[in-house]
Amino acid sequence: MSDHIPAALVLEDGRIFRGEAYGKVGRTLGEVVFNTGMTGYQETLTDPSYHRQIVVQTAPQIGNTGWNDEDDESKRIWVAGYAVRDPARIPSNWRSRRSLVEELARQDIVGIAGIDTRTLTRHVRELGAMRGGIFSGPELGSDDEMVAAVKASAEMVGASLAGDVTTAEPYVVPAIGEKRFTVAALDLGIKSNTPRMMAERGIEVHVLPLASTLDEVLSVKPDGLFLSNGPGDPATTDQQVELTRQALDRKLPLFGICFGNQILGRALGRGTYKLRYGHRGINIPVIDAETGQVAITAQNHGFAVEGEPGERFDTDFGRAMVSHHCANDGAVEGLRLLDGPAFSVQYHPEAAAGPHDAAPLFDKFVDLMTEAR
Ligand SMILES: NC(=O)CC[C@H](N)C(=O)O
């Protein structure tokens, strides 16, 4: 922590939390969201879905295991800012290469420490995720100036952000062992563990930029199409929704995660809406409407697909259903086309810090591709 440099986390409704600079000294703006995970901060910070968001950790102690060279979910930290209560002074882990605060500073991430993250979380939970800013330095400026800067910043509703995080060029992640399938994975903000988990199942993954056309997808001769997670408002993904509809038309096996679930939902004719404060954590219970089975899942989303638990509905591609919903609030957590080879989930089977309840969904994708042969 930068010693005693003052910092403030300022919300658009005028609420201000004062603490100390943590990471880079400066200012940053973004949507303030909270994550309840007790572990996995390195995966959280490097998850492209957090682009333009200031992440508040509800776990009071953060940084205990430092920063390693293995667990990044992408090439950089994507969060717009980071708010913690009690950062570790000395990291301790056999894989740790440097401290979290060093890495935040190295990657120019403005953070704040020493604030009452519990009060902040309750505030966001009651009033909803809102825009905010972290300001740090010897002179912070007046409260009015900071609030005005926050109010002038971009809203998350309507934000098209996946273009900022997608790969510029296609690349291939080879299958581990015998190659059994080829998958085209549309990169809207894909996490490293996703192609890895497919590769472990004999899938050669062609990761494609988000603006790829059907012809570009088909040119890799895919057995299936995968739609990744990603940042921003799913209402801005018209091009990917159209691609998905073309894939559904051809009965190309399809699997979507998180943003991918929202895109499949839109392709099936559903709308999306913003949740009050979203689901971000690693112990979120999801119910499978057909079996009643509960999975404990990792989640990170602020939007959801419209629908009721277990609801069946007609689409342009046949019947579909809301296959999974959240045990906490009933929000849609999964979709399944009943008359075609497509399904998606709002949670993360690739969660690297765990839990791993949902990992078999990758095997389900393999089954769909096997049946389609
Ligand atoms: N992790 C994700 O894919 C997030 C999807 C979308 N940006 C949301 O916030 O709901």
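Is Asp-233 buried or exposed? Here are my notes, point by point.

1. With 20 C-beta neighbours inside 10 Å, Asp-233 counts as buried. Keep in mind throughout that this is a predicted model. A residue is called buried once 20 or more other C-beta atoms lie within 10 Å of its own, so Asp-233, with 20, makes the cut. You'll find Asp-233 in the loop between β13 and α8 (238-249).

2. What does Asp-233 touch, if you skip residues up to four places away in sequence? The list is Met-156, Val-157, Gly-158, Ala-159 and Phe-303. Take Val-157 as an example: Asp-233 and Val-157 are 76 residues apart in sequence, but 5.8 Å apart in space, C-alpha to C-alpha.

3. Gly-232 sits in that loop too, between β13 and α8. Gly-232 counts as buried, because it has 25 C-beta neighbours inside 10 Å. Not counting residues up to four places away in sequence, Gly-232 touches Ala-159, Ser-160, Leu-161 and Ala-162. Ala-159 also turns up among the contacts of Asp-233.

4. Now the ligand. Around it are Ser-49, Asn-229, Gly-230, Pro-231, Gly-232, Pro-234, Cys-258, Phe-259, Asn-300, His-301, Gly-302 and Phe-303. Which strand gives this shell its largest share? That would be β16 (residues 294-305), with four residues. Sorted by class, the shell has seven polar residues, five nonpolar ones and no charged ones.

5. Next, the annotation. An unreviewed UniProt entry places the feature "binding site" at Ser-49, Gly-230, Gly-232, Phe-259, Gln-262, Asn-300, Gly-302 and Phe-303. These positions span 255 residues in sequence, yet no two of their C-alpha atoms are more than 13.3 Å apart, so they gather at one spot. If you set the record beside the model, Ser-49 and Asn-300 are among the residues that the entry lists, and Ser-49 and Asn-300 are also among the residues around the ligand.

6. Asn-300 deserves a look of its own. This residue lies in strand β16, and Asn-300 is buried, with 28 other C-beta atoms within 10 Å. Leaving aside neighbours within four places in sequence, Asn-300 is in contact with Asp-47, Ser-49 and Arg-280. One of these contacts, Ser-49, is itself part of the ligand shell.

7. On to helix α10 (residues 361-372). Its 12 residues reach 17 Å from the first C-alpha to the last, close to the 16 Å expected at 1.5 Å a residue. Which residues of α10 are buried? They are Leu-361, Phe-362, Phe-365, Val-366 and Met-369. Those five cover an arc of only 160° around the axis, which puts them on the same side of α10. Asp-363, Thr-370 and Glu-371 are exposed on the other side.

8. What do the buried residues of α10 pack against? Their partners are the strands β11 (181-187), β13 (224-227), β14 (254-257) and β20 (342-345), plus the helix α6 (193-199). Just upstream, in the loop between β20 and α10, is Pro-355. The peptide bond from Gly-354 to Pro-355 is cis, with omega near 0°, so check that one by eye if you rebuild the loop. 

9. Helix α3 (residues 117-127) is two-sided as well. Thr-117, Leu-120, Thr-121 and Val-124 are buried. Seen down the axis of α3, these residues fall within an arc of 100°, so they line one face of the helix. Thr-119 and Glu-126 are exposed on the other side of α3. The buried residues of α3 pack against β2 (16-23), β3 (27-35), β4 (53-57), β6 (81-83), β9 (130-136) and β15 (272-288). After the helix comes Gly-128, whose phi is positive, near 100°.

10. Last, two residues other than glycine with positive phi. Arg-52 has a phi near 70° and is placed in the loop between α1 (41-45) and β4. Arg-52 is buried, with 21 other C-beta atoms within 10 Å. Lys-221 has a phi of about 55°, and its place is the loop between α7 (214-218) and β13. Is Lys-221 buried or exposed? Lys-221 is exposed, with 9 other C-beta atoms within 10 Å.

Terms used:
Residues numbered from 1 in each chain as written. Predicted model: local features only at pLDDT ≥ 70, side-chain atom pairs only at ≥ 80, totals over all residues. Near = placed C-beta within 6 Å. Nonpolar A, V, L, I, M, F, W, Y, C, P; charged D, E, K, R; others polar. Expected span 1.5 Å × (residues − 1). Buried ≥ 20, exposed ≤ 12 C-beta atoms within 10 Å, placed from the backbone. Arc of directions from axis to C-beta. Contact = placed C-beta atoms within 7 Å. UniProt positions renumbered as here; feature names shortened; annotations may be inferred.
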